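Here are my notes on the complex, set out as numbered points. Please keep the structure open while reading them.

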Amino acid sequence: MKALFSLAAITFKEGIRSRTVYGILIFAIFLMFLNVMISGMMMQDVAKVAVDMALSSLNFVGLLLVFFAGVNLFSKDIERKTIYMVLARPISRSRYILGKFAGISAIIVFSLAILAIFESASIVIMKNGYPAQFLRFSWSALFFSFLLTLISLIVVLSTGFLFASFSSTSFITLVLSIVTYLIGSSANEVKALLEVPHDIGERTSPLLLYCVKAACYIFPNLSLFDIKTEAAHGLFVPLSYILSSIFYGILYSFVMLSLSCIIFKRREFP
Amino acid sequence: MDPIIRVHDVSKSFRDNLSARKVKALESISLSAEKGEVYGFLGPNGAGKSTTIKLLLNLIRPDSGSVTIAGRSVEERELRRIVGFLPENPYFYEHLTAEELLWFGGQASGMKGSEIKERSMMLLEKTDLLDARKRAIRTYSKGMVQRAGLALALVHDPEVIILDEPMSGLDPFGRRMVSNLIIDMKKAGKTVFFSSHILGDIEKICDKVGIIAEGRLCLEDSLTNLLNYGATLEDIFFAEVEKISVKGN
Ligand SMILES: Nc1ncnc2c1ncn2[C@@H]1O[C@H](COP(=O)(O)OP(=O)(O)O)[C@@H](O)[C@H]1O
Ligand SMILES: [Mg+2]
């Protein structure tokens with residue numbers, strides 16, 4: 001436990017001090033000002049635009065963090081052999097994975113918390129400027145959307161871990177995790193699109209449908225975590241939906257990490 | 001008594017990524033070091049020194065044969081509590097300070113906080129990093145990184161210390177510092193296994209010498225025995241390595 005915690009701690013420190021994280025956070029602040037400016041130029045739907053922009057930029061910046069700071073912190077550890085200093089300790093391969101994952105997740109939670117504060121501040125500014133536009137706005141919907149975005153980022157990170165556990169270069173890991181993210185966030189929509197023609201009598205190739213269905217099971221269903229629209233419109237999202245999405249996210253990450261541990265146990269580091 | 005480090009009949013090959021051919025790195029190699037010995041592992045570049053050392057740390061696994069330390073398989077996690085390791089050309093998390101690096105090493109090896117503090121300060125002083133201990137490793141010179149790695153390898157006061165080319169990249173002062181550290185460890189009853197291709201280093205501090213070339217151990221003997229033949233270590237080294245190259249070609 002102590003070993004796991006200390007690895008998480010140095011991973012966090014290493015990540016948080018790196019230029020990538022600084023750069024991304026500065027970019028986030030820029031996005032926040034952009035948000036205030038753009039929503040301010042709107043004549044109507046100021047609340048919708050402001051919330052949607054806040055959530056989208058949080059998601060975007062979060063993804064940058066996951067891919068360029070998070071996944072990299074793991075795969076570079078293997079590539080540059082900094083992993084030797086960890087594996088030479090009485091620390092199991094599984095604990096290495098978990099410690100690293102905990103440390104990187106902490107970086108993402110920490111950065112996203114800062115971003116969320118900034119984004120919320122921008123919304124407070126807009127709300128005070130256009131109180132009439134924010135009648136349907138709900139802080140809780142915004143908060144839950146932040147939370148689900150965070151969970152989806154952790155899920156994406158866990159897929160990155162799976163790829164890094166067997167691939168030999170950080171570039172391959174990066175590409176695979178980005179592709180997984182793209183498929184994961186669109187597979188469900190594609191499935192829905194393919195299923196529609198059935199109802200109007202058109203035929204989709206069954207093989208294609210089968211593949212897409214399989215993809216929906218294998219790849220993370222990231223659309224589950226996307227309640228940006230609901231938050232922007234101030235719509236009510238049932239707590240049961242939020243809880244089950246969180247549960248799905250945790251379960252999916254757990255499976256990814258378990259697979260990474262199994263693969264990592266057999267791996268050699270020449 | 002059983003040797004504390006024992007590599008028995010180990011072969012290891014790597015798959016070459018480009019040609020998909022297998023490269024033989026080690027061919028049924030056997031060696032052993034007794035407790036309290038300083039073992040100098042000599043060989044030209046590409047001989048298989050680092051490969052052997054990575055096997056001792058369970059970073060890679062043998063195709064055949066067995067590797068044990070203190071009678072236990074190197075696959076045992078807890079074994080690494082008594083093993084200290086300095087990799088070749090070490091590279092650490094660059095935004096950490098030397099102090100934090102040692103803190104991690106101690107924590108991960110199950111040491112108490114006060115113990116870590118005490119050992120760290122002592123080692124940082126010995127490796128001449130006391131002034132730089134609160135600076136990020138990114139700002140260190142190559143020699144300083146090497147010394148930080150050495151301090152990290154020793155922070156948990158290990159019984160068996162495995163160093164891959166500990167003198168490389170160091171100036172004469174640094175080399176003397178490493179020699180002195182190794183001599184200190186020997187005095188404290190520790191076993192030191194280190195690789196090098198600098199013959200002078202070995203001659204001064206080793207009890208036992210193993211010479212490896214092209215993945216095969218050519219010779220293993222105590223230094224006194226070897227030098228009894230009248231030749232210098234350099235003569236023996238060249239003779240043994242050339243014997244292997246002739247056989248190989
Ligand atoms: N990861 C690897 N992939 C392929 N070949 C390797 C790898 N690591 C080492 N080798 C080969 O194994 C041999 C021994 O290498 P090494 O143990 O690093 O030598 P030394 O440390 O004595 O200089 C060399 O021929 C080297 O090319
Ligand atoms: Mg080497």
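1. Start with the ligand. In this predicted model, an oxygen atom of ligand 1 lies 3.2 Å from a backbone N or O atom of B:Ala47. Two further backbone approaches belong with it: a polar backbone atom of B:Gly46 is 2.7 Å from an oxygen atom of ligand 1, and for B:Lys49 a backbone N or O atom is 2.8 Å from a ligand oxygen.

2. Which residues surround ligand 1? From chain B they are B:Phe14, B:Ala25, B:Pro44, B:Asn45, B:Gly46, B:Ala47, B:Gly48, B:Lys49, B:Ser50 and B:Thr51. Chain A supplies A:Pro270. The site is therefore shared between chains, because residues from A and B surround the ligand. When you describe the site, name both chains.

3. Now the contact between the chains. How many residues does each chain give to it? Chain A gives 33 residues and chain B gives 38 residues. The area buried between chain A and chain B is about 3200 Å², and carbon and sulfur atoms give 58% of that area. On the side of chain A, the residues that lose the most area to chain B are A:Met85, A:Arg89 and A:Pro90. Together these three account for 24% of what that side buries.

4. Next, the polar side of the interface. Between chain A and chain B, 20 residue pairs are in polar contact, counting pairs with both residues at pLDDT 80 or more. Three salt bridges are found across the interface. B:Lys12 forms a salt bridge with A:Glu268, and their closest N and O atoms are 2.9 Å apart.

5. Which elements of chain A give two or more residues to the side that touches chain B? They are α1 (2–16), α4 (84–87), α5 (93–129) and α10 (239–266) of chain A. The largest share comes from α1(A), with eight residues. By type, the residues on this side of chain A divide into 16 charged, 13 nonpolar and four polar.

6. Finally, confidence. Chain A has a mean pLDDT of 89, with 97% of its residues at 70 or more. For chain B the mean pLDDT is 92, and 98% of its residues reach 70 or more. Among the elements of chain A, α10(A) has the highest mean pLDDT, 96, while helix α8 (residues 206–218) of chain A has the lowest, 82. Where pLDDT is low, predicted coordinates should not be read in detail. For the complex, the predictor gives an ipTM of 0.91 and a pTM of 0.92.

Methods:
Residues numbered from 1 in each chain as written. Chains lettered and ligands numbered in written order. Predicted model: local features only at pLDDT ≥ 70, side-chain atom pairs only at ≥ 80, totals over all residues. Heavy atoms only, no water. Contact = heavy atoms within 4.5 Å. Buried area = accessible area lost by both parts, 1.4 Å probe. Salt bridge = Lys/Arg side-chain N within 4 Å of Asp/Glu carboxyl O. Polar contact = N/O pair within 3.5 Å; in protein donor to acceptor, adjacent residues only side chain to side chain. Helix = DSSP H or I, 4+ residues; strand = E, 2+ residues; numbered from the N terminus. Nonpolar A, V, L, I, M, F, W, Y, C, P; charged D, E, K, R; others polar. pLDDT = per-residue confidence, 0-100. Near = heavy atom within 4 Å.
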